[in-house]
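Colleague: I am just getting started with protein models, and I would love a close look at one part of this one. Could you take me through it slowly?

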Amino acid sequence: MATLNAEHINPFLMAAKKVLQDMCFVDASMHKPSLKEAKFDPDTWVIMIGVTGEMRGQVIMAMSEKSACGIASKMCMTDVKEIDEFAASALSELGNMVMGNAATVFSSNGIGIDITPPTLSHGHVSFTNTYAKNLCVPLSFEDTTVELYLALKQG
């Protein structure tokens, strides 16, 4: 298995930044990446999408309940006070758009990946991954932070 480098990480980061900009009308700032366990508090919403093909693993987007409501409010253009079925669908679609944009970038660079449908989770959850370490990159705008976890290996 080859190790991942910036060419493999940047498409996910650029896609997340672009989708947040296009769908939420914000300019997200990226912060220093770090290796971090994927353990989440009871207040956290998690979008997990699997990656198959020439890269394998999963991508996780994690955010607080307040951040999730704020993002859903911007996407749905209405005030969202709790994550109901409609807001959950918007969050799942956010994950789909980020991953679809990243897959398009990879395709144009000759790397074929496929993505799984998103899984949305809420509450105290952790993901133990022996396949690849989680690289966590926080993205923030206004009073919102979304943590992007990348646990991938190139095949």
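In which strand is the place of Thr44? Please tell me about its surroundings too.

Modeller: Happy to! One thing to keep in mind from the start is that this is a predicted model. The residue you picked, Thr44, belongs to strand S4, which covers residues 44-53.

Now for its surroundings. Thr44 has a relative accessibility of 11%, and buried means under 20%, so Thr44 counts as buried. What does Thr44 touch, if we leave aside its neighbours within four places in sequence? The partners are Ala62, Met63 and Ser64, together with Ser121, His122 and Gly123.

Let us step back and place this strand in the whole chain. The protein chain holds 3 helices and 10 strands. Read from the N terminus, the order is α-β-β-β-β-β-α-α-β-β-β-β-β. The radius of gyration is 15 Å, close to the 15 Å that the globule rule gives for 155 residues, so the chain is as compact as a globular protein of that length. Along its principal axes, the C-alpha trace spans about 45 × 30 × 30 Å.

Thr44 has company in being buried: buried residues make up 47% of the 155 residues in the chain. Contacts between residues far along the sequence can be counted for the chain as well. Taking contacts between residues at least 6 apart in sequence, 68% join residues at least 24 apart.

For a contrast with Thr44, look at two loop residues. Phe25 sits in the loop between helix H1 (6-24) and strand S1 (29-30). With 60% relative accessibility, where exposed means over 50%, Phe25 counts as exposed. Glu142 is in the loop between strand S9 (135-141) and strand S10 (144-154), and at 61% relative accessibility Glu142 counts as exposed too.

These two residues are also worth a look for their backbone. Most residues other than glycine have a negative phi. Phe25, however, has a positive phi, near 60°, and the phi of Glu142 is positive as well, near 50°.

Finally, here is the outside of the chain. The protein chain exposes about 7800 Å², and carbon and sulfur atoms supply 53% of that area. Its side chains include 11 positive and 17 negative ones, and the centres of the two sets lie 9 Å apart.

So, back to your residue: Thr44 is buried at 11% relative accessibility, and its place is in strand S4.

Technical notes: Residues numbered from 1 in each chain as written. Predicted model: local features only at pLDDT ≥ 70, side-chain atom pairs only at ≥ 80, totals over all residues. Heavy atoms only, no water. Helix = DSSP H or I, 4+ residues; strand = E, 2+ residues; numbered from the N terminus. Rg over C-alpha atoms; globule rule 2.2 N^0.38 Å. Buried < 20%, exposed > 50% of the residue type's maximum accessible area, 1.4 Å probe, protein only. Contact = heavy atoms within 4.5 Å. Areas by Shrake-Rupley, 256 points an atom, 1.4 Å probe, with all protein chains shown as cover. Lys, Arg positive; Asp, Glu negative; His and termini not counted. Charge placed at Lys NZ, Arg CZ, Asp CG, Glu CD.
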